[in-house]
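Work through the exercises below with the coordinates open. Each task is followed by a solution in steps.

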Amino acid sequence: MDLSVLLTFLIFGLPLIGFPFVIGIGFIRKNYSMYLGTSLIFASFLISLYVFFNYTVNGVVIQSSFNWLPGLPAVIPVGVYADNLSMIMALMVSFVGFLIILFSVGYMKDDPNRHVFFGEMVLFTSSMLGLVLSSSLLMLFIFWELVGLCSYLLIGFWYYKPNAASAAKKAFIVTRVGDVFFIAGIGAAILYSSGGALSVAGLGSIHLVWQKTIVSLLLFGGAIGKSAQFPLHVWIPDAMEGPTTVSALIHAATMVTAGVYLIARTYTIFTPTSLTVVLYVGVVTVILSGLIGLVVNDIKRILAYSTIGQIGYMVAALGLGLGATSIGLSIYQLEAHAFFKALLFLTAGSILHAVMNVRDINKMGGLWRKMPVTVTAMFFGALALSGFPGLAGFFSKDSIISASYGVSIFAWVLLAIGGFLTALYAFRMFFRVALGQPRSNAAEHAHESGWVMLIPVVILAAFSVIFGVFQQGFYNFLENPPAAHLFGIAPLTTLDVTPVILMLAAIGIAYYAWGRNSSLPSTVTNGARDLYLLVKNKFFIDVLFTNVIAERGVLGLSAVSDGFERRAIGGLVDASGNLFENSGKVLRKIQTGLARQYAMIVLIGLILALILLRIFILYGVI
Amino acid sequence: MIVLGNYDYLWNVFILFVGAFLILFVSLITENRVVLVSIGAVFAATSLVWTLLQGGGNVLIEGTPILISGFSRLFFIAILVPGLLSLVGLSKSPMSKKPGLMIFIFLVSLGFMLLAITTSNLLFIFVAFEGVSIPTYVLAAYGKSDSELEAAIKYFIIGAFSTGLIIFGISLYYIATGSLSISAVPSFHSIYFLAMGLLIFGFGFKLAIFPLHGWAIDTYTGTSNPISSYLSTSSKIMTLIVLFNIMFSSPLFYNYLKIIFAIIAILTMTFGNVVAISQNNVKRMLAYSSIAQAGYLSVVFLVAGTGAVNLAIISLFMYALAYGFMKAGSFLAMDGMGNYDMENFSGMWKRNPAYAVSFAILLLSLAGFPGTLGFIGKYFLFLSVLSTGTPLAYLVVIISVINSVVSFYYYGRVIMFMFWREGTKEKVANNYILYASAALTVFFGILYFLVYSYAQYILPSITTYLSGVL
């Protein structure tokens with residue numbers, strides 16, 4: 001095996017093999033699993049760095065693929081594939097994952113089950129790394145499911161809280177809906193190319209346009225579930241019940257970016273038809289999440305809706321259909337988002353740690369004075385999220401908005417309004433948290449966190465501020481294998497002004513309405529009561545899913561199939577089971593326990609065999 | 001200086017004998033079981049590492065019929081790995097007060113196992129085979145309980161009976177061919193086939209194939225767990241390879257004996273599986289399942305004389321390795337369970353989750369669940385048999401697959417008891433051999449190409465696999 005392949009394998013293999021030890025060592029001493037888990041992810045990060053600078057930067061695409069089960073009608077390719085896209089993702093996942101897990105060392109230090117927590121975090125990160133480095137859709141799917149499983153385990157980590165348990169189930173089931181599409185997509189790919197298209201390198205072996213459309217739309221269905229796009233976004237806000245570091249990992253580095261990565265990875269099979277669908281799903285998601293984000297009071301849920309919106313931008317960027325430019329726009333947004341969203345979540349985690357897990361922003365306030373470093377970092381995070389010129393979000397998001405102008409003015413208008421809404425809810429949250437007087441007892445006694453939690457926050461804040469300088473290098477890197485130059489930003493156009501004006505207006509409105517005592521919010525909600533209720537109830541999508549589809553449709557269907565299974569299939573299984581069990585009871589009678597009888601049986605068998613041989617010799621064989 | 005010729009290629013065998021005698025001396029000083037077992041394990045592990053690092057190539061030891069080939073090295077590994085696991089298992093199992101002698105006997109038999117599969121001379125095979133049999137009779141009888149004595153006596157009686165068959169077979173073989181080399185060309189065909197039939201049945205008793213299985217169930221159930229594990233893994237794999245050597249070197253084998261083996265394989269696996277279903281004692285169920293596994297392993301004889309031999313050998317190696325992990329791990333898992341009633345396993349998920357998960361993995365691997373080495377071994381073995389393309393091969397593979405499906409029933413029952421039945425709350429001690437076997441079964445099951453490429457590296461070409469090319 002080539003060294004590069006081995007190293008690429010180790011990036012995800014090391015933590016994957018190591019995670020049982022992380023849990024196991026916790027039985028000796030719980031703190032050991034924190035150190036082991038952190039160092040495993042750090043080792044992954046170092047290996048990714050090495051692979052990145054030794055191979056990827058020099059234009060080497062590491063690939064090794066073989067047929068996992070030879071002899072079947074279809075090929076099952078398995079292996080590693082690390083091109084520029086994969087390695088950029090792997091670097092980001094391992095780096096942000098490392099910072100989050102380092103933060104967790106401080107955040108979870110008093111939890112009695114922290115060894116399990118760190119084991120699951122390591123498994124989570126390693127499955128995401130495996131996902132981005134897989135050489136085939138099938139292997140990608142396996143890691144995809146592992147990511148889903150870990151998210152289930154981690155969201156429900158505080159399983160004794162009923163909310164957490166049901167949120168974990170919701171996340172699992174909703175993403176499963178998407179996974180059904182993914183499996184169907186894999187099935188269709190096998191059908192149309194006898195498995196050749198399963199490998200990343202062989203995606204081109206689907207030729208007909210309608211076949212491409214079908215496969216790509218089915219894969220996009222999987223991406224919708226995992227990346228929480230409309231209409232399957234409902235699991236993410238509930239997923240906030242888990243520990244905050246889990247939310248950070250889910251939202252920034254792993255899980256939700258998997259869908260975007262999947263689309264980028266399989267971009268060659270997306271036809272104009274399917275790209276239009278992708279674009280408008282993204283745009284609708286941006287608007288919806290922006291509106292809902294305005295009326296939610298839970299600090300983590302606001303961030304959750306902002307994630308949905310930002311992922312919406314990534315999906316919309318891919319839907320623009322600009323080829324490699326689209327991938328560049330989208331992945332750059334993904335990376336920038338990873339930094340500022342991890343930052344926002346970690347700062348939110350620090351704040352929750354300080355205010356005894358009161359998550360209602362109306363009960364905070366005045367925290368800037370109490371926790372200066374954390375809240376300043378949060379300020380930069382919010383600025384980056386809103387797209388303030390000079391910060392990461394500006395270069396990533398506003399480039400997408402400007403690029404959409406050339407494709408569809410309608411999309412441009414909606415995306416720009418989405419930017420306005422983003423800034424509005426981001427600063428609504430920030431002003432409620434940071435300014436004014438403490439509005440609860442817990443907020444009055446908040447204090448700054450320890451250094452283990454501050455270091456990752458500061459590093460992430462720095463990245464959120466300076467990440468813009470990589471923009472041009474990033475695009476070049478994803479478009480042509482050799483990176484032309486690493487620094488520089490894409491040229492700005494006049495189109496970029498509109499979102500900036502909207503953003504500044506939004507910050508102004510936010511300060512006017514929520515930065516000081518004002519009656520404006522209640523006036524607006526009372527004035528547009530119906531609209532407010534519609535948004536407050538999340539456009540009734542959750543209700544549609546649970547009350548109509550799940551209770552009326554799925555339960556009825558499952559009752560029918562349950563009856564069929566019990567009577568028809570169950571009867572058949574029982575009958576065949578009884579047949580074998582009864583013949584077993586007869587046959588065990590020859591096991592008498594008497595050695596002389598065993599010898600007798602041997603002798604009879606021997607004589608029969610010899611007679612048979614004799615017959616063969618006399619008469620020949622078939 | 002003593003010139004040993006190229007005897008130094010046999011160091012992996014000598015190490016075991018040296019270790020055995022060292023233990024005998026150490027046991028004069030101390031009878032501490034942990035010390036003795038660790039010394040034994042170090043020597044066995046050294047032998048294993050030595051074998052692993054030796055690489056490919058054929059070496060004929062001067063003046064002897066011993067040929068160390070890549071083929072024999074592969075199966076050294078498949079014998080040593082479960083042997084090592086069973087040896088480590090000896091450290092926990094309740095035994096008599098003199099473990100020194102027991103470990104001495106254990107290592108001697110392990111050494112003879114390696115010798116038995118390297119040679120092409122029937123008398124040499126016979127001596128090495130007895131060098132395995134006699135120590136293992138003693139091992140089976142080493143406990144003091146009635147069940148262990150009963151197990152050993154049955155094993156001994158049927159073993160002695162088979163020895164008679166082997167000796168008779170060898171004399172007839174000499175009459176038919178005028179030689180003791182296993183690749184000799186016969187001049188009297190009917191006597192030759194008589195001899196081959198006797199040899200199959202004589203050697204086959206240790207493999208516990210269908211009409212020869214009787215002792216195996218009582219012995220596996222009756223003896224202490226490490227010895228059950230040893231008898232059902234290392235000893236079985238050794239026998240399989242001895243039979244493999246004899247059958248594949250036989251120039252007339254291809255036409256007739258294949259059918260006998262097809263019948264034996266079908267009967268063995270069907271019998272093992274069907275009777276295992278109605279067992280309520282987990283250890284006894286494992287004994288029956290090891291009969292069934294012997295049936296799957298015997299399927300390999302159907303590839304004789306076809307182009308599929310190379311793949312068959314590699315897959316046999318993978319399956320033998322898997323079999324070693326699965327059976328040694330699951331028999332050793334019985335340690336510390338008190339009684340082996342299935343009820344006693346209920347609620348295991350609550351009592352010791354790691355135990356429950358690992359044991360479930362081994363059972364699934366025995367049944368051939370994808371993602372485990374048991375599946376990979378079975379899959380490739382059946383694939384190699386199928387690629388011969390004969391109707392007989394299809395028949396045997398179809399019946400084997402049906403049998404695998406049936407086996408899910410009784411393996412699944414244990415899993416069901418462990419995970420979904422409420423039972424006693426009594427804690428179960430950690431069993432690290434079980435955990436290690438389960439982890440390796442999954443690790444190599446997913447990354448099976450590591451094993452596969454190692455086997456390919458050892459066996460670069462088909463011509464080197466037989467020890468019978470003398």
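The exercises cover helix geometry, a strand pair, backbone outliers, the chain contact and the domains.

The model is predicted, and local features need pLDDT of at least 70, side-chain atom pairs count only at pLDDT 80 or more, while totals for chains, interfaces and linings use all residues. Residues are numbered from 1 along each chain as its sequence is written, and chains are lettered from A and ligands numbered from 1 in the order in which they are written.

**Exercise 1. Compare the end-to-end span of α24(A) with that of a straight helix, and locate its kink.**

Step 1. Helices (H or I, at least four residues) and strands (E, at least two) are DSSP runs, numbered from the N terminus. Helix α24 of chain A covers residues 541-587, 47 residues in total.

Step 2. The expected span is 1.5 Å times one less than the number of residues. A straight helix would reach 69 Å, but the end C-alpha atoms of α24(A) are only 60 Å apart.

Step 3. A kink of about 45° is centred on A:A550; the bend at a residue is the angle between axes fitted to the seven residues ending there and the seven starting there.

Step 4. A residue is buried if 20 or more other C-beta atoms, placed from the backbone, lie within 10 Å of its own, exposed if 12 or fewer, and partly exposed in between. α24(A) is hardly covered, with two buried residues among its 47.

**Exercise 2. Apply the span test to α18(B) and list its buried residues.**

Step 1. The 15 residues of α18(B), 432-446, should span 21 Å, and the end C-alpha atoms are 21 Å apart, which agrees.

Step 2. Its buried residues are B:I433, B:L434, B:Y435, B:S437, B:A438, B:T441, B:F444 and B:G445.

Step 3. These residues pack against α3 (70-89), α13 (309-333), α15 (353-367), α16 and α19 of chain B.

**Exercise 3. Describe the pairing and burial of β2(A).**

Step 1. Strand β1 (residues 62-67) of chain A runs antiparallel to β2(A) and is joined to it by six bridges; strands pair if DSSP finds at least two bridges between them. A:Q63 has A:Y81 as its bridge partner.

Step 2. In a regular strand the side chains alternate between the two faces of the sheet. In β2(A), A:P77, A:G79 and A:Y81 point one way, and A:V78, A:V80 and A:A82 the other way.

Step 3. Six of the six residues of β2(A), 77-82, are buried.

**Exercise 4. Which backbone features occur in the loop between α7 and α8 of chain A?**

Step 1. A:P231 lies in this loop and is joined to A:F230 by a cis peptide bond, with omega about 5°.

Step 2. A:A228, in the loop too, has a positive phi of about 55° although it is not a glycine.

Step 3. A:A228 is buried, because 31 other C-beta atoms lie within 10 Å.

**Exercise 5. How many residues does each chain give to the contact?**

Step 1. Residues are in contact if their C-beta atoms, placed from the backbone, lie within 7 Å. Chain B gives 31 residues and chain A 28 residues.

Step 2. On the side of chain B that touches chain A, α11(B) supplies the largest share, eight residues.

Step 3. That side divides into 23 nonpolar, six polar and two charged residues. Ala, Val, Leu, Ile, Met, Phe, Trp, Tyr, Cys and Pro count as nonpolar, Asp, Glu, Lys and Arg as charged, and the others, Gly among them, as polar.

Technical notes
Contact = placed C-beta atoms within 7 Å.
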